[in-house]
Amino acid sequence: MGGEGGEDGEDGEDGETGGRADAAEPPARPTRRARAKSAALWGIVGGFAVLVLSQGFLIVAGDLPVGYGGIVGLAAAVAVASGGIAYAAEHRLRAKRVKRRT
């Protein structure tokens, strides 16, 4: 009875925008530093994904055609590629999202 909404009409929503604080203005564009940080994190995720998959393959199948140096090199290449793709594609995805909202 007393836990839902409140007796003063306070239910957590803003009366003018229907509860959406960002309804009036589009989201701010990210800085280059933020885009670079995001891309670096995606690169790390991609590199670690290759390492995890290769370890899983070693556990299940036993052998890989390349040694540990080759696996690390492949993981580094995937990390650089996925980071570069993330950096290049982020602003395009954000631009499409903003266009769709308006």
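How many aromatic pairs does the count come to in this structure? The count comes to zero aromatic pairs. Keep in mind as you look around that this is a predicted model.

Let us start with the overall picture. The secondary structure of the protein chain consists of two helices and zero strands. Burial is counted for 11% of the 102 residues in the chain. Among the contacts with a separation of 6 or more, 72% come from residues 24 or more positions apart.

Helix H1 is a good place to look next. H1 covers residues 32–60. With its 29 residues, H1 reaches 42 Å from the first C-alpha to the last, close to the 42 Å expected at 1.5 Å a residue. Several of its residues are buried, including Gly43, Gly46 and Gly47, and Ala39, Val50 and Ser54 are buried as well. Just after H1 comes Gly62, which takes a positive phi of about 105°.

Arg35, in helix H1, deserves a visit of its own. Its side chain is charged, yet Arg35 is buried and has no salt bridge. Why is there no salt bridge for Arg35? The nearest side chain of opposite charge, Glu90, is 4.4 Å away, and a salt bridge has to fall within 4 Å, so this pair does not count as one. Glu90 still touches Arg35, as do Pro30, Tyr87 and His91, leaving aside residues up to four places away in sequence. With Tyr87 there is a further detail: Arg35 lies over the face of Tyr87, at 4.1 Å from the ring centre.

Two other residues of H1 are Arg32 and Val45. Is Arg32 buried or exposed? Arg32 is exposed, because its relative accessible area of 68% is over the 50% cut-off. Val45 counts as partly exposed, because its relative accessible area is 46%, which lies between the 20% and 50% limits. Each of these two has a partner that is distant in sequence, as the table sets out, with spacing in space given from C-alpha to C-alpha.

| Pair | Apart in sequence | Apart in space, C-alpha to C-alpha |
|---|---|---|
| Arg32 and Tyr87 | 55 residues | 9.3 Å |
| Val45 and Ser82 | 37 residues | 8.6 Å |

Tyr87 therefore turns up twice in this tour: Arg35 lies over its face, and Arg32 is 9.3 Å away from Tyr87, C-alpha to C-alpha.

Notes. Residues numbered from 1 in each chain as written. Predicted model: local features only at pLDDT ≥ 70, side-chain atom pairs only at ≥ 80, totals over all residues. Heavy atoms only, no water. Helix = DSSP H or I, 4+ residues; strand = E, 2+ residues; numbered from the N terminus. Buried < 20%, exposed > 50% of the residue type's maximum accessible area, 1.4 Å probe, protein only. Lys, Arg positive; Asp, Glu negative; His and termini not counted. Contact = heavy atoms within 4.5 Å. Phe/Tyr/Trp six-rings, centres within 6.5 Å; stacked < 30°, edge-to-face > 60°. Lys NZ or Arg CZ within 6 Å of the ring centre and 35° of its normal. Expected span 1.5 Å × (residues − 1).
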